[in-house]
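Student: I would like a close look at one part of this structure. Please take me through a sheet strand by strand, and then show me what else stands out.

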Amino acid sequence: MSFIEVKNVHYRKNSHEIFSDLNFSLGKGRIVALLGENGSGKTTIMRLLSGLALNWKGQMSIDGTIIGDETKSKVSYIVNLNDFPKDFTISKVLDFYRRFYADYSSERAEELLNFMEINPKSKLKTLSRGQLEKAALVATLARKTEIYLLDEPLSGIDLLTREKIIQSLIRWFDEKSLILLTTHQMTEIENIVDEVMILKNRQIIQHQDMELLRETRGIGLENLYREALTQ
């Protein structure tokens, strides 16, 4: 059995069918890109795996345990800092995570803050979008857990900030864990991704090992994505 198993999953929200027969499996020690057009269901998959999306039908498990309250401790879903008061400092946000999550590592958080060049005394309302994204990643990666779900961590930010975020994923990636990320910045994640899944018409239509893909077909993420969506 794979670490993450999703079989025959059906999910509706407000009477709208999002998935009718979703299937995939993932193992540990991998960085996986989840690609698809806007509105294709990428964020919904993140919410399903994190246990936030309810009333699904089918089979979903993490390490053999059905996804629900018991699996939430295994998942670190990238934080939305807009959910916190604007007057909060980064330090106050991280203190919330420290008190709420037993797997939170203050040592790792400090290393990440230094690497990202973020002042923990800064208030959220003073931060640029790029700084907010870096701070959100600090809070997410500061947990020593098994699954990291990163929904568009590179969206709408400048090149240097994107490079810093990608470098942090490489530096703090634990081979006993799994990173699943969504992005439209395919060229920039090309060299760190082990697998790619492509969503179309509420189905995973491609699930490829990147190294094997390069060896057998000599193409990268962007060309595979274009090919898959135009078929």
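**The four-stranded sheet and beyond**

Tutor: Start with one pair of residues: Glu5 stands opposite Ser25 in β2. Keep in mind that this is a predicted model. Glu5 falls within strand β1, which covers residues 4-13. Strands β1 and β2 run antiparallel, and seven bridges join them. Strands of a sheet pair through backbone hydrogen bonds, either parallel or antiparallel.

Now look at how the chain gets from one strand to the other. β1 and β2 form a hairpin, with two residues between them. Asn14 sits in that turn and has a positive phi of about 50°.

Next, widen the view. The hairpin belongs to an open sheet of four strands. Read across, the order is β2-β1-β4-β5, and the pairing is antiparallel. Which strands form the edges? They are β2 (16-26) and β5 (65-66), and each of them pairs on one side only.

Go to the β5 side. Strand β4 spans residues 57-62. It pairs with β5 in the antiparallel sense, over two bridges. Take Ser61 as an example: its bridge partner in β5 is Ile66.

Now leave the sheet for a helix. Thr43 is found in α1, which runs over residues 42-50. Is Thr43 buried, exposed or partly exposed? Its relative accessible area is 36%, and buried means under 20% while exposed means over 50%, so Thr43 is partly exposed. Leave aside residues up to four places away in sequence, and Thr43 touches Tyr77 and Asp151. With Asp151 there is a polar contact, side chain to side chain, at 2.6 Å. Thr43 also shows how the fold brings distant parts of the sequence together. Arg202 is 159 residues away in sequence, yet the two C-alpha atoms are 12 Å apart in space.

Follow Tyr77 to the largest pocket. Tyr77, Ile78, Val79, Asn80 and Asp83 are the lining residues nearest the pocket's centre. The whole lining has 26 residues, and about 710 Å³ of space lies inside. Where does the lining come from? β6 (75-77) and α4 (129-141) each supply at least two residues. The largest share, six residues, comes from α4. By type, the lining divides into twelve nonpolar, seven polar and seven charged residues.

Key: Residues are numbered from 1 along each chain as its sequence is written. This is a predicted model: local features need pLDDT of at least 70, side-chain atom pairs count only at pLDDT 80 or more; totals for chains, interfaces and linings use all residues. Side-chain values use heavy atoms; hydrogens and water are left out. Buried means under 20% relative accessible area, exposed over 50%, partly exposed in between (1.4 Å probe, protein chains only). Contact means heavy atoms within 4.5 Å. A polar contact is a pair of N or O atoms within 3.5 Å; within protein, one must be able to donate a hydrogen and the other to accept it, and residues adjacent in sequence count only if both atoms are side-chain atoms. On a 1 Å grid over the protein atoms alone, a cavity is a set of points where a 1.4 Å probe fits but cannot get out, and a pocket is an open set with protein on both sides within 12 Å along at least five of seven lines; lining residues have an atom within 4 Å of a point. Grid points are joined across faces, edges and corners, and a volume is the space filled by probe spheres set on the points. Ala, Val, Leu, Ile, Met, Phe, Trp, Tyr, Cys and Pro count as nonpolar, Asp, Glu, Lys and Arg as charged, and the others, Gly among them, as polar. Two strands pair if DSSP finds at least two bridges between them.
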